[in-house]
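Dear colleague,

Please find below the structure that I am handing over to you. I would be grateful if you would read my notes beside it.

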Amino acid sequence: MMEKLKYKMVQFMQGRNGMDQLAKAESGLIFALLILSVILSILPFKSAGMALFLLLLEIVWIALFVHMYFRMFSKNLGKRYAENQKYCTWRYQMTVKWSRMKNEWAQRKTHRFFRCPQCRQKVRVPKGRGKICITCPRCRTEFTRHS
């Protein structure tokens, strides 16, 4: 009986998108919003604003749930692949930005970071050198700043 059901499910999913990285991220977000919704609904204080917020929260997680299953059962693999690639690119860019911010935060005691007024390139200079002339490595513009 279970083998037959498993075979039917495999047959049904043939040629469909299934669970990709975007769907996994959506399911995690749905779970977090669902938990937040449950926690907020059991709190003792209620107001009209809180009721509206809870309603909007539930609408959002239900819409995400429907979207996730729409993508999973879709047979338009080209579009779903493009959406997933867009999400993966965005996630990679956010990871790189976070890594840079973390790196700058770790170096904040020994270095200062300035942007070139010409090309907006970030330039790192050591702290405590007084007024210094900085040359941008990208466009060779010279500007003066206090380190």
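The notes below cover a pair of helices, the nonpolar cores and one serine.

This is a predicted model, in which local features need pLDDT of at least 70 and side-chain atom pairs count only at pLDDT 80 or more, while totals for chains, interfaces and linings use all residues. Residues are numbered from 1 along each chain as its sequence is written, and side-chain values use heavy atoms, with hydrogens and water left out.

Helices (H or I, at least four residues) and strands (E, at least two) are DSSP runs, numbered from the N terminus. The axes of helix H2 (residues 21–42) and helix H4 (residues 77–106), which are lines fitted to C-alpha atoms over the stretch in contact, come within 8 Å and cross at roughly 65°. H2 is therefore roughly perpendicular to H4 (65 to 115 degrees). In this contact (heavy atoms within 4.5 Å), H2 contributes Gln21, Leu22 and Ala25.

The largest nonpolar core (buried Ala, Val, Leu, Ile, Met, Phe, Trp, Tyr and Cys residues joined through side-chain atoms within 4.5 Å) has 11 residues, including Ile30, Leu40 and Trp61. Helix H3 (48–73) gives the most to this core, with 7 residues. Another core, of 8 residues, lies apart from it and has Ile132 and Phe143 among its members.

Ser147 lies in the segment after strand E4 (142–146). Ser147 counts as buried because its relative accessibility is 10% (buried means under 20% relative accessible area, with a 1.4 Å probe and protein chains only). A polar atom of its side chain lies 3.5 Å from the backbone oxygen of Pro126.

Yours sincerely

Methods: Axes are lines fitted to C-alpha atoms, for helices over the stretch in contact, and angles run from 0 to 180 degrees between N-to-C directions. Angles under 35 degrees count as roughly parallel, over 145 as roughly antiparallel, 65 to 115 as roughly perpendicular and the rest as oblique. Buried means under 20% relative accessible area, exposed over 50%, partly exposed in between (1.4 Å probe, protein chains only). A polar contact is a pair of N or O atoms within 3.5 Å; within protein, one must be able to donate a hydrogen and the other to accept it, and residues adjacent in sequence count only if both atoms are side-chain atoms.
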